Structure formats: structure tokens, C-alpha cells
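Student: Could you take me through this structure, one feature at a time? I would like to learn how to read each kind of feature.

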Amino acid sequence: MTMNRSHRIVVNWGHLALLAVIGSVIAAYLLDTRATSLRVNNLLFVQPAALIGLLLVLLVVPQCFRRRPAGAEAEPAQPLSHLAKAAGLMAALVALALSMERIGFDVATFCFLLAALRLCGERNWFVNLGYSAVFTAILIYGYGTIIPFPFPLTIL
Amino acid sequence: MLDLASIQGAFDLLTSSASAWVFVIPGLLIGLFFGSMPGISITMAMAIFLPMTLYMDFLPAIIFLTAIYTGAGFGGSVPAVLMNIPGTSSAVATTFDGYPMARSGRHNEALGVALAASVTGCLASYLLLLFLIVPVSSVVLKMGPLEMSAVAIWGMLLLGSLSGNSLPRGLLAGVFGLLLGTVGMNTAGYVRGTMGVPWLLDGVPTIPAMMGLLAASQLIGLVNTKYLIEDEGSRKISFAKIIGGFRLSLSFPTIILRGSLIGVIIGAIPGVGSSISNLLSYSETKRNAPDGDSFGRGNPKGVAAAEAANSSSEGGAMATMLALGIPGGGATAILLAAFATHNIVGGPSFIANSKDIVYAIILSNFAQALLLLGVGLGFVYLAGYIVRVPMRFLIPSVLVVAVFGSYAIDGTISGPITLVVFAILGWAMVRYDYPVAATVVGLLLGSLVEGNLLRTWQISGGDPAYALERPGALLIFALMALSIGLTAWSARRRRRAAIPAAGSG
Amino acid sequence: MTTNITRRTMLRLASGGVVAAALAAPTVLRAQGVYPDRPINVVVPFDTGGYNDRLSRAFAPFLQERLGQPLNIINRGGAGALLGHTYFLQQPDDGYTLLCTSAAPYIPLNILTQDAPFNLEDFHMINLPSQDYTLLARSAESDITDIGEVIEKLKADPGSLSIGVQPASADLVNLMLLADANGIARDRLRIVTFDGGGPARNAVAGNVVDIGLAGGQGFLPLAEKIKPLLVYEKVQRDGWGGKLVTELSGADTAFVYGSQRGWGVHSSLVAGSPEIYDTILTAVEATSKDPKVIEALTAQQLATDWYGPEASNAALASTARVMEQHLDLLKGA
């Protein structure tokens with residue numbers, strides 16, 4: 001177990017986290033399925049598929065650890081601002097999905113567009129406000145006329 | 001086979017009520033428009049316009065509804081190519097190569113290929129139907145669970161070929177999708193993995209999950225790009241290039257014919273249809289193409305294979321509906337309802353007694369396919385302008401349309417929540433080089449695979465000798481083995497041919 | 001002449017479009033007046049294309065003529081109608097939301113197996129015109145002669161025939177009752193589970209399973225491809241001619257009806273706003289009995305017979321009781 005001193009182990013924490021999520025979802029699903037019933041009618045496909053899935057997770061885990069010569073430059077990572085923007089956009093999406101029924105589709109959509117346009121680089125607030133308002137109205141009335149469901153609205 | 005007197009009768013029917021033709025173009029436009037809106041299904045479009053047909057005569061009513069069907073079938077490929085959004089599950093394989101083509105500035109070509117493959121696929125399927133309606137319908141009911149398992153396993157072969165750079169990661173993505181596809185109540189009535197959420201009883205909502213995995217995750221990853229197509233010169237909307245795509249598509253007759261055949265046969269099986277046929281056709285084409293490695297990176301053959309199969313599934317579904325009176329899916333259920341309002345009940349006796357009406361429907365669909373060519377060209381040309389919209393407007397707008405579309409599917413918040421969860425998952429998977437397409441395919445196949453393996457086990461009592469009683473299933477397995485064998489053989493021959501060439505160069 | 005026809009058809013098209021648009025337009029709150037003074041929603045707890053969806057869409061144009069306000073069909077499919085039923089009860093009980101559903105077996109199933117947040121008493125059925133029954137059938141290609149042969153074979157070896165059925169259904173309950181009555185071991189039957197009545201029927205017609213049990217009305221389009229062996233009814237229905245379950249096992253034999261489909265409202269509406277309830281009741285009754293409606297719906301193989309609230313609610317309650325007795329059968333095969 002002696003480590004070559006000229007090499008360093010680099011851990012890709014993000015990848016490891018994704019694998020942890022996938023692995024625990026598969027494991028939890030397998031346990032839930034076994035808790036429902038142990039009859040073949042229930043386990044026939046899910047149990048072997050889940051076991052294969054867990055095996056594949058174990059096979060991929062080593063790919064999260066890479067050796068790199070000590071002297072080598074660190075890989076040019078993506079600029080943090082890119083990650084921050086993507087995270088912001090995902091947060092805005094989550095907020096939209098969770099709030100649309102509570103505060104009305106019109107208000108939620110408008111707020112999402114406002115925030116997302118800013119995140120994606122629209123600096124002019126007048127353009128942003130105008131576009132968001134017009135697009136929200138088109139969307140509400142457009143989808144409103146063609147889908148057979150009502151949706152909660154606050155202002156429109 | 002062909003009954004000339006009935007065909008003559010069909011011509012008389014079609015020419016006698018000229019007013020029927022008024023409805024084709026509005027129907028196609030409605031279909032194109034609804035089909036291209038994410039989340040609006042073909043069934044929904046037809047259900048909304050069904051009450052209107054009560055006031056029409058039989059033939060115009062059917063022509064109008066089938067025109068919506070045809071239009072919506074193609075409509076779904078427009079957002080698939082331009083936005084990576086499969087608005088319906090039948091356009092999944094279209095995104096695999098259509099979207100990469102669009103991003104590299106070949107959007108005109110991709111849309112042209114898609115349109116031409118759709119039109120020819122649709123034509124070919126109705127042509128096949130003209131001859132095969134009776135045999136196809138007799139095969140459909142014979143499809144037992146073992147045969148369906150064979151079809152599902154054939155579809156799963158695609159998981160391997162979508163694996164990308166790392167086989168374990170690709171397989172993991174596929175298996176994860178398959179497992180997610182079995183969440184909810186299984187075919188024997190056991191409920192798993194719902195975490196107490198009532199709407200998960202029916203499984204993970206497929207279309208929102210696909211939109212999240214394929215489209216939303218992409219858009220989030222593009223947050224720093226200025227335009228969908230980086231190169232300004234490529235952002236042109238060119239009629240000539242659409243036509244170029246057209247010609248390109250027609251230069252793959254084998255692919256389109258194979259796609260149409262797969263589409264008709266799979267489309268005729270109730271409850272399976274176009275969502276599986278486009279995957280099978282793509283998979284077969286990819287495996288048999290000499291340039292199979294470039295699939296998934298913008299190969300027009302992939303677009304042609306997917307579109308030929310999903311458009312021709314309409315013909316297959318119509319065969320089952322006309323010959324057996326069984327709706328294979330929502331769209332044909334609506335058509336049957338429209339039939340019924342005019343006192344016409346589909347089924348074996350309908351085919352036997354009303355051949356002229358059957359042929360009239362088939363012939364009018366030929367005309368619809370040809371008209372789709374014209375209407376579709378205009379539609380595609382206009383839709384192409386999306387590539388000129390700066391990403392800072394496009395990303396938020398498309399995300400919000402996807403959220404609305406996911407809500408529109410059943411009018412509950414389950415759609416948007418699924419979309420967001422899978423958007424985040426998809427973004428992370430793309431970031432660490434997992435093929436999200438494999439997860440999508442798994443998700444689509446999961447319950448099909450489980451349900452049919454389970455029924456096979458139930459029906460056979462676990463006795464493998466049951467397979468010997470099912471020659472149809474053995475035939476499908478043999479064809480599958482043959483197809484894989486041929487691929488391996490031709491790949492080896494290509495490699496051998498390549499080695500001396502490399503040596504001499 | 002041609003242009004004339006064309007113009008007329010175009011006008012029809014246009015008016016239909018207006019109706020479609022009006023039906024789907026976002027609801028606007030208006031001043032309260034005499035009921036009904038605004039469009040009425042009809043909740044269908046299934047996706048577009050199914051029996052209830054077709055029934056509601058075929059019936060709605062006639063019912064809205066009598067009510068004087070457009071009816072707006074809302075499909076809330078999913079989770080065996082649990083989502084749609086819950087959604088319906090969440091709407092205000094002001095008579096502006098009606099329900100068109102397969103009350104049995106879905107409301108009892110929601111309550112018994114899915115921990116539904118409601119009781120049977122929360123629903124009041126105005127009329128359940130469609131009462132389906134289980135049909136036990138074999139493929140036309142099979143050589144089984146009659147139900148007697150089926151029972152004999154199953155008695156000798158319960159696993160000798162493959163039986164296609166939908167899990168957690170009235171059909172499965174009826175199969176088990178038949179097994180019990182003849183001393184056949186339930187857990188040794190070779191049951192093949194399908195995701196719905198339709199796939200089970202197709203499997204019977206294609207001779208994929210030896211016998212199958214599913215709703216009889218859905219078998220009608222396949223009549224030429226199957227042979228009926230046993231009808232779970234007291235009287236012959238739809239001209240099948242198979243043996244009746246009462247002939248086989250006696251007049252007092254236990255069995256359950258299949259889907260009971262039709263129109264319902266909130267129970268609280270009946271007590272809370274009797275005048276509004278009366279308006280709806282009268283309109284549904286008159287529409288159901290209208291010869292024009294009967295003709296139109298019969299053509300689509302949809303039922304419009306009038307049984308009224310008393311008989312409909314009683315039938316539903318009795319089905320719910322039998323289902324409760326066989327709860328173990330409804331929880332996974």
C-alpha cells in the first residue's frame with residue numbers, strides 16, 4: 001500500500017456525489033421493493049436489475065479517483081461563474097415549480113423569466129421587464145386556450 | 001389482396017365530396033402547431049377537435065382528424081431538432097442526431113431530412129397497409145408476452161450502443177433508467193418506490209422526465225453561450241438547404257424502408273406504437289451503418305431512421321384500429337369515437353363490408369402525406385428562425401415552455417416537479433459524461449420489459465419449453481441474432497479492408 | 001354549388017372553433033346569479049380516449065343545452081382515478097363541478113387499497129347508466145367446449161390453464177369466487193396479470209392465454225374472435241349466450257359487477273344547495289331520456305339508461321361492500 005510519492009490522488013468530488021445519489025436511489029428502491037413483497041411477481045425484474053446497477057456503481061467509483069504526476073498543472077477548471085449561473089438557473093426552476101400553484105402561474109412565470117434573463121446575461125432591465133411580461137401573457141393565453149385544464153392565475 | 005372495385009369506389013367517394021378536402025390543410029396546420037408544442041399530445045389535439053366533427057359528414061370528419069394525426073406526428077420533430085425537446089416519446093430518437101446537427105449549424109438540413117423521412121415513411125406505411133392490412137391485423141393479437149419481451153429486449157440493445165465513452169457509465173445510465181421506468185404499480189399490482197406520492201403509482205411521468213433529462217439539462221449547461229449555433233455564418237435560414245436535406249434523406253432509401261417496416265409492425269401492436277418503433281429503427285440503422293460511430297454526433301441517417309419509423313407507426317395503428325376495432329393508443333381511440341358517432345364500428349366486419357371506406361381513408365392519407373410536404377416546408381422554414389434568437393432569451397423562454405408543457409400533460413404539478421428533478425439529474429449526468437439518452441431509453445422501456453418478462457414467467461410457469469410453443473418469438477429472437485451477427489461480420493470486413501489501406505498509406 | 005357547400009362547412013368549422021375556444025378559455029369569475037351563470041366543469045378522472053372521456057364528451061353537448069351553460073371537460077387521469085377523485089372533491093361544492101367516472105370499482109379501490117383521503121359517502125351518484133359485467137371467455141381458436149370443462153380441468157390441476165386477468169379488479173374477485181365455489185386452490189391457479197381489461201381481452205382473442213376474464217362490454221368489438229363461456233350476470237346481456245353465473249352456481253351465488261360508470265356530484269351539494277342539485281338532477285334525467293341522445297350515444301356504444309340516484313348509489317354501495325369482503329384479493333396478485 002505504499003504510494004508513489006511523485007503521484008497525487010485527485011478526487012472528483014462532484015462525480016462521486018452523483019454516483020452516491022444514483023447508488024442510494026437504486027439501493028433504496030431495492031429495499032422498498034423487497035419490503036413490499038418477496039414474491040417472484042414483484043422481484044423478477046427489479047431485484048436483478050438493481051443488483052446489476054449497484055455493481056456498475058462500484059465499477060465506476062474508481063473513475064472518480066485519478067492519479068496525477070505531482071508536478072503537473074491542475075486541469076483548467078470551469079470558471080466558477082459558469083457553475084454559479086447554472087446553479088442559479090436550477091434554483092430558479094425549482095422555485096418556479098414549487099411556487100406556480102401557490103402564487104399563480106402568471107406571477108411565478110414572470111418572476112422566473114425576470115430572474116433567468118438576468119442570469120443568462122440580459123443587462124437592460126427595460127428589455128427584460130418588457131420581454132418577460134409579453135412572453136408570460138402569450139404563454140398563459142396560448143396554453144390556456146389549448147389545454148383542457150384550468151390553471152391558477154393571480155393577475156391575468 | 002387489392003380489390004380494384006373497392007378502390008374505384010374509394011375514388012368515387014373521395015371525388016364526390018370535394019368539400020372533404022377543405023379540412024386537410026387546417027387539420028395539418030392544427031396538428032403541426034399542437035404537435036410542436038411540448039406536452040400537447042396528439043390525443044389531446046384530436047380530443048379538443050372531436051366535438052367539431054360531430055357537425056361534419058363522415059368522410060370530412062375522418063379526413064380532418066387523420067390530418068391532425070399526420071400533422072402532429074411530424075410536429076413533434078421540430079422542437080426535437082431545434083431544442084432537444086422530445087415533445088412526445090415518439091420523437092426521442094430524433095433528438096439523438098437532430099439536435100447535434102442543429103447545434104453545428106445544419107438545422108435547415110436536419111429539418112429537411114426529418115420532413116422528407118416523415119412524408120416518405122408515412123406514404124410507405126399506407127402503401128404497405130394497402131396490401132398488408134389483413135395479415136398485419138391477424139399477427140397483432142398473436143403477440144404474446146414472450147414476443148413482446150423479444151421486442152423489448154431488441155430495444156434494450158440500443159442501451160449498449162448509446163454508451164458513449166465509458167461502457168460502465170453508459171450501462172449504469174441505462175440500468176438506472178430501466179429501474180426508474182418500473183417505479184409505481186407493476187403489472188401484478190405491487191406498488192414500489194412511490195414514497196407515498198400518489199401520482200408515482202403510474203410511474204415516473206415519462207414526457208416531463210425526458211424533457212428534463214434531454215432538453216432542460218442541455219439548456220442549463222448552455223448558460224454561457226451567446227447563440228445556439230456558435231458560428232454566425234451558419235445561422236442562416238435557407239430554403240435551399242432544407243431542400244438539400246430533403247434530397248439527402250431520399251438518398252437513404254434502405255433506412256427509410258426499414259424504418260417504415262419497423263414502424264408499421266411495431267405501430268400496429270396496441271399500447272406500444274411509435275414510442276418504441278423510433279428507438280428500434282434508430283438502433284438497427286446505427287448498428288448497420290458503416291459510419292455508425294458518428295451517430296449521436298449529428299448523422300442525418302439517425303434523423304431519417306427515427307422519423308421514418310415514428311411517422312409510419314400511424315399506418316400500423318390505423319391497421320389495428322380498422323381491422324380489429326381496437327385502439328392501439330389515445331389517438332386511435334378518438335378516431336374510433338368519431339367513427340362511432342357516424343354509426344360506423346371498426347372491426348373485422350367493417351373491413352369486409354366497407355372496403356371502399358377503408359381504401360378511401362388510406363388514399364386520403366396518401367394525399368395528406370403529400371400535402372404535409374408543402375405545409376411542413378413552410379412550417380419548418382419559420383420554425384428555423386429560433387436559431388437566430390440570442391440564448392439569453394431562448395434559455396429562459398424554452399425552460400418556461402417546457403414547464404408549461406409538462407403541466408399541460410395532465411394538469412397537475414407532478415409534471416413540473418418531475419421536469420425539474422430530472423433537469424438537475426440530467427445536468428449532473430452530462431457534466432460527468434454519462435449518456436442521458438440511455439437513461440431516457442431505459443425509462444421508456446422499463447415497464448414494458450418488466451411487464452412482459454413477468455407475464456412470460458406467469459404464463460409458462462417458469463418452464464423454458466414454453467418458448468418452443470411460440471414460433472413467433474423464436475423468429476424474432478432469430479432475426480435479432482441474425483442482425484447482430486451481420487453487423488459483427490460486416491464490421492470485421494470493414495476493419496480488414498481498412499488495415500491494408502492504412503498500411504499502404 | 002361547391003363553393004356554397006364549402007362556405008357552409010367553413011362556417012361550421014369556424015363556429016366549432018369558437019366553441020372549442022370558449023370551452024377552453026380560462027374561467028372568468030362573474031357576478032353570482034341564478035344557477036348556472038357560468039361554465040360548468042366536468043372532471044373525468046381518466047385520460048382522453050377512455051370510456052368515461054368518450055361518455056362525457058358525447059353527453060356534454062346535450063346536457064349543456066339543458067343547463068344553458070357550456071360544459072368544460074377536465075381530464076385528471078392517473079393512479080387508478082385516485083388523483084381525479086381527490087381533485088374533484090377539492091373543488092367547491094357549488095354545482096359548477098360535476099364528475100363523470102367509473103364509480104365502481106375505482107372509488108372503493110381508492111378507499112380500500114390506496115388510503116384515499118375521502119369516503120364513499122363524499123360522493124353522490126346522480127345516475128350510473130353503464131353497468132359492466134365480467135365475461136369469462138376463450139379464443140375462437142381454442143378447443144375448450146364450455147365452462148364445465150374449464151372447471152373440471154382446474155379441479156384436476158389448478159395450473160392446467162393460463163388465466164388472463166387484470167389485478168385488483170372485479171374480474172379477479174369473480175375468478176376467485178368461482179374457484180372457492182368449486183374447491184379449486186386459489187394460490188395454485190396460473191394467473192397472468194395484464195395492465196388493463198383491454199390487453200387482457202386482446203390476449204384472449206389472440207389465444208395467448210387459455211381463458212380470460214374482463215369487462216363484457218369491451219369484448220363486443222372482438223365478438224368474432226372469442227367464445228363466451230360464463231357471464232357474471234343474472235340475465236343475458238349483449239346477446240353473448242354464454243352460461244350465466246346464476247345458472248352455474250345457483251340464484252344466490254356471490255359475484256361482483258364490473259365498472260359502474262356515470263355522473264356524480266359532491267354529497268354536500270345535495271344537502272347544502274338542494275335547488276342547484278335539483279336543477280342538475282332534472283337536466284341529467286331529461287337528457288338521459290331524450291330519444292335524440294339515446295340514439296347518438298347508442299351509436300357510440302355508450303350507455304344512457306336512467307336508473308336515478310337511489311338505485312345508482314345503492315348499486316355502488318353494494319359493490320363496495322363485496323369488494324371490502326375480498327380486500328386480500330385487491331392488494332397485489
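The dialogue below moves from chain A to its contacts with chain B, then to chain C and to the salt bridges.

Tutor: One caution before we start. This is a predicted model.

Student: Let us begin with the secondary structure. How many helices and strands does chain A have?

Tutor: Count the elements, then read their order. Chain A has 6 helices and 2 strands. Starting at the N terminus, the order in chain A is β-α-α-α-β-α-α-α.

Student: Into which domains is chain A divided?

Tutor: Domain 1 of chain A covers 7–69, and domain 2 covers 80–146. Their C-alpha centres are 35 Å apart.

Student: What share of the residues of chain A counts as buried?

Tutor: Chain A has 156 residues, and 37% of them count as buried. Look at sequence separation too. Take the contacts in chain A between residues at least 6 apart in sequence: 57% of these join residues at least 24 apart.

Student: Now the interface. How many residues of chain A are in contact with chain B?

Tutor: Start with the residues on each side, then go to the area. On the chain A side 64 residues make contact, with 63 residues of chain B. About 5,800 Å² is buried between chain A and chain B, and carbon and sulfur atoms give 78% of that area.

Student: Which residues of chain A lose the most area to chain B?

Tutor: They are A:N41, A:F45 and A:Y143, which together make up 13% of what the chain A side buries.

Student: What is the count of salt bridges between chain A and chain B?

Tutor: The count is 1 salt bridge. B:R392 forms a salt bridge with A:E122, and their closest N and O atoms are 2.6 Å apart.

Student: On to chain C. What does its domain assignment give?

Tutor: Watch for a domain made of two segments. Domain 1 of chain C is 40–131 + 259–330, and domain 2 is 134–249. The C-alpha centres of these two domains of chain C lie 28 Å apart.

Student: How many residues are in contact between domain 1 and domain 2 of chain C?

Tutor: In chain C, 9 residues of domain 1 are in contact with 10 residues of domain 2. The area buried between these domains of chain C is about 880 Å², with 57% from carbon and sulfur atoms. The salt bridge count between them is 0.

Student: How do I read a sheet? What is the strand order of the open sheet in chain C?

Tutor: Read across the sheet, not along the sequence. The open sheet in chain C has 6 strands, ordered 7-6-8-5-9-10, with mixed pairing. Strand 7 (190–193) and strand 10 (243–244) of chain C are at the edges; each has a single partner strand, so one side of each is without a neighbour in the sheet.

Student: What does strand 5 of chain C pair with?

Tutor: Follow the bridges. Strand 5 of chain C runs antiparallel to strand 8 (residues 211–215), with 4 bridges between them. C:A137 has C:G212 as its bridge partner in strand 8 of chain C. Another 5 bridges join strand 5 to strand 9 of chain C, again antiparallel. There C:L135 has C:V231 as its bridge partner.

Student: Is strand 5 of chain C mostly covered or exposed?

Tutor: Strand 5 (residues 134–139) of chain C is mostly covered, with 6 of its 6 residues buried. In a regular strand, side chains alternate between the two faces of the sheet.

Student: How do strand 9 and strand 10 of chain C run?

Tutor: They run parallel, joined by 2 bridges. C:V231 has C:L244 as its bridge partner in strand 10 of chain C.

Student: Which helix lies across strand 6 and strand 7 of chain C?

Tutor: Helix 20 (residues 436–460) of chain B does, running at about 160 degrees to strand 7 of chain C.

Student: Last topic. How many salt bridges does a search of the whole structure find?

Tutor: It finds 16 over all chains. Check the distance, the sequence separation and the burial of each pair. B:R470 forms a salt bridge with B:E147, with closest N and O atoms 2.9 Å apart. B:R470 is in the loop between helix 20 and helix 21 of chain B and B:E147 is in helix 8, so the pair ties together parts 323 residues apart in sequence. Both B:R470 and B:E147 are buried.

Student: How many residues apart are B:R287 and B:E284?

Tutor: They are 3 residues apart in helix 13 of chain B, separated by about one helical turn. Their salt bridge has its closest N and O atoms 2.3 Å apart. B:R287 and B:E284 are both buried.

Note on methods:
Residues numbered from 1 in each chain as written. Chains lettered and ligands numbered in written order. Predicted model: local features only at pLDDT ≥ 70, side-chain atom pairs only at ≥ 80, totals over all residues. Heavy atoms only, no water. Domains from an automatic or database assignment. Pairing = 2+ DSSP bridges. Contact = heavy atoms within 4.5 Å. Axes fitted to C-alpha atoms, helices over the stretch in contact; angles between N-to-C directions. Salt bridge = Lys/Arg side-chain N within 4 Å of Asp/Glu carboxyl O. Buried < 20%, exposed > 50% of the residue type's maximum accessible area, 1.4 Å probe, protein only. Buried area = accessible area lost by both parts, 1.4 Å probe.
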